[in-house]
Each structure stands twice: as structure tokens, then as C-alpha cells.
Amino acid sequence: MFAHRFARSLVCAATVLAAAGFTSLAAAEEVKIGFLVKQAEEPWFQTEWAFAEKAGKDKGFTVIKIAVPDGEKTLAAIDTLAANGAKGFVICPPDTSLGPAIMAKAKLNDLKVLAVDDRFVDAKGQPMEDVPYVGLAAFKIGEKQGKAMADEAKKRGWDLKETFAVINTFDELDTGKKRTDGSVEALKAAGLAADHILFAPQKTLDVPGSMDSTNSALVKLPSEAKNLIIGGMNDSSVLGGVRATESAGFAAANVIGVGINGTDAIGELKKASSGFYGSMLLSPDTSGYETASQMFTWVTTGKEPAKYTALDNVTLITRENFQQELTKIGLWK
Ligand code: FCA
């Protein structure tokens, strides 16, 4: 009887101790996740970071933000995350062909990986479909961009015989190629002749890169080119193009540039007028808040994100409605 009671109190004490131990352990164990982006200077990525941090605040986890402009920095960042006790990370890689190296390094450090925006490709250039990925329905969004440009040309009463399009391309990136392909399809469907569409490959995916590519296309334009449509895979791919048209002497009224992202076009749309007509506003709130939340859920409950989430929600923002649309997602300052 005595022995029995003694044993029971021992079990009780052990349970209390275990419970106490568990509580203090849980409190001490702050969940950390990484959020690595290729171009931290781009408002798009700053916005993703901001939304990821909002998710962390709402749900109680810490986001470690690291800029990864090249392969070396990317692999070093994964070690840094592991050393800091992170359990996984969301990443938009600087080069999609780093996919296998990123996965090997993550595995070595026991970190979970969710790709955002730019999908990893393997050594053969094929998408790594087993790595969870949240990205755009790129062709579809490109089509909407092309249609928006064609609609505005129609609204301005442009004669398509004197209208030419310069499409700044970045085919190295699948999400980029699909966007410009979709855009061109829509322009052709709206009646723009194929020989009125000039492709201008960008060497770098930024404003100087698209300014250079557009400049090299502008010199090839025939003399009847009066009106210009400027396309590209994101806002910076169009902003540089529009700057090039200004230097070449085209008036804003003769230029229609429509970007993609929205986040990177805010300053431009605040200008009273320019050849940059508008942008297809994506969902940086989803790309940042949701991806970070999905990673948090994965590391805390084991529930893996879907292998592929295609985002197709876009809104054309122009000088008319951008304040209102940005306010809706908390981006108007
Ligand atoms: C790519 C682009 C970004 C943004 C994102 C959704 O990563 O480089 O500007 O468009 O896709």
C-alpha cells in the first residue's frame, strides 16, 4: 500500500516536472523561418518581406530576411539560417538553376524549402516539381497585360498601322518568358501585326537593363512608327523602356507602357503623366503573408504546402484607381 502510494506520487511528480519542462521549452523555442529574395532593392520583394513579417507578428514566429543576389550568398544564407535555428525558408532564388544546390544544402541542414515567384529548375532545365512552389499563372497574366495595352491603344484611337510594340524579354526566367509570350499573344489577337512587334532581350532584369534593351530596339523602328506600346515581364522591365522612349523624343501621349507587379510602379503613377500608363497589380500579400504562413504551418505541424499554387489574381492599376486599389491591400502610404 505504502509502496504503491509512493510510486504514484513519483509518477505525479514526474508528470508535473515534465509538464513544467515542456512549457518552458515551448516558450523558449521561438519558431524562426527564413525569407530569401534575389533582388532586395525591388519594391516587390520589400513588400513580400513586409507581409511575411506581418504573418510572423500575427501568428507568433520570427522571419529572418536575407538578400541573396547570387549563388554564393544563397548557399551561405542557408548555413546562416541553420546556425540561427531556423526550421525552413521561403526563397525567390537569384538563378533558378541553383535549385538542386539549394535543395542539397537545405537537406544537409534539415531545413524545409518553399519556392516563391521563380521556380527551381534541375540540371536538365526542367521545373523541379517536387519542391513546393507559389508563383504566377504567368501566361494568363501576360495576356491580361497585353489586352490592357491593346484596349488603351483602342481607347486613344491609335491606328495600328503606325503602332509598334517593343517587348523587353527575359527568357532565362520561365515566369518571364511566359508573361511576355502571353502579352504578345493578346496584342496579336487585338490586331497588331507580327512585324510590328519588336523583341528586345534584357541583359539584366532591372530598370537600366530594360532601358538598354528598348534603346536598341528603338533604332530599328521604321519611320511610320508614331505610337509605341512598351511591354516586359515586370514593372522595371517597362519603366526603363518608357524612359528610353522619352529620351528618343516620344511624347507620353504616344506611349503605352503597362508593367506587372504594381508595387514597383507607385512612384511612377504618382507623376501627373508619363508613357507608363499602368501596371497589373499582383498579390504581394499572398506571396509574402501566405508563403510565410505555409512555411510556419509546415515546420510546426508537418503539413506540407501544395506542390504548385498558381496565382492569377490581378488588377490593372492606372493613375485613375491606383490609390484606391493599393489602399485595399494596405499599400497606400
Ligand atoms: C519575378 C520578378 C518579380 C515579380 C515576381 C512575381 O520574381 O522578378 O519582379 O514579378 O516574379
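This briefing walks through the confidence, the two sheets and the helix packing of the chain above. Keep in mind that the model is predicted. Its mean pLDDT is 93, with 92% of residues at 70 or more. There are two open sheets to look at: one has 6 strands with parallel pairing, and the other has 6 strands with mixed pairing.

**Confidence**

- Confidence bottoms out in helix 1 (residues 2–28), where the mean is 46. At the other end of the scale, strand 9 (residues 255–261) is where confidence is highest, at 99.
- Over residues 6–26 the pLDDT drops below 50, and this stretch has 0 contacts in the model beyond near neighbours in sequence.

**The parallel sheet**

- Reading across this open sheet, the strand order is 2-1-3-4-5-11.
- Strand 2 (62–67) and strand 11 (308–311) are the edge strands, and each of them pairs on one side only.
- From one strand to the next, the twist averages 15°.
- Strand 4 (residues 112–116) and strand 5 run parallel and are joined by 2 bridges. Val116 has Val134 in strand 5 as its bridge partner.
- Strand 5 (residues 133–136) also runs parallel to strand 11, with 4 bridges between them. Here Val134 turns up again, standing opposite Thr309 of strand 11, while Leu136 stands opposite Leu311 in strand 11.

**The mixed sheet**

- The order in this one is 7-6-8-9-10-12, and it is open as well.
- Strand 7 (197–201) and strand 12 (315–318) sit at the edges with a single partner strand each, so one side of each has no neighbour in the sheet.
- The twist here averages 20° from one strand to the next.
- Strand 10 (residues 276–281) and strand 12 run antiparallel, joined by 4 bridges. Met280 pairs up with Leu316 in strand 12 as its bridge partner.
- Helix 6 packs on this sheet and touches strand 6 (163–169), strand 7, strand 8 (227–231) and strand 9. The direction of helix 6 makes about 170° with that of strand 6.

**Helix 5 against helix 6**

- Helix 6 (residues 174–189) also packs with helix 5 (residues 138–155): the angle is about 40° and the axes are 6 Å apart. That angle is why helix 5 counts as oblique to helix 6.
- The crossing of this pair is right-handed.
- On the helix 5 side, the residues in contact include Ala138, Gly142, Gly146, Met149 and Ala150. Among their counterparts on helix 6 are Thr175, Gly182, Ser183, Ala186 and Leu187.
- Charged residues take part too, including Glu143 and Lys147 from helix 5 and Lys178, Arg179, Asp181 and Glu185 from helix 6.
- Broken down by class, the contact has 6 nonpolar, 6 polar and 6 charged residues.

**Helix 3 against helix 4**

- Helix 3 (residues 71–83) and helix 4 (residues 99–108) pack at about 15°, with 10 Å between their axes. The angle makes helix 3 roughly parallel to helix 4, because angles under 35 degrees count that way.
- This crossing is right-handed.
- Helix 3 brings Thr74, Leu75, Ile78 and Asp79 to the contact, and helix 4 brings Ala101, Ile102, Lys105 and Ala106.
- By class, that comes to 5 nonpolar, 1 polar and 2 charged residues.

Key. Residues are numbered from 1 along each chain as its sequence is written. This is a predicted model: local features need pLDDT of at least 70, side-chain atom pairs count only at pLDDT 80 or more; totals for chains, interfaces and linings use all residues. Side-chain values use heavy atoms; hydrogens and water are left out. pLDDT is the predictor's confidence in each residue, from 0 to 100. Contact means heavy atoms within 4.5 Å. Axes are lines fitted to C-alpha atoms, for helices over the stretch in contact, and angles run from 0 to 180 degrees between N-to-C directions. Angles under 35 degrees count as roughly parallel, over 145 as roughly antiparallel, 65 to 115 as roughly perpendicular and the rest as oblique. A crossing is left-handed if the near helix is turned anticlockwise from the far one by less than a right angle, and right-handed if clockwise. Two strands pair if DSSP finds at least two bridges between them.
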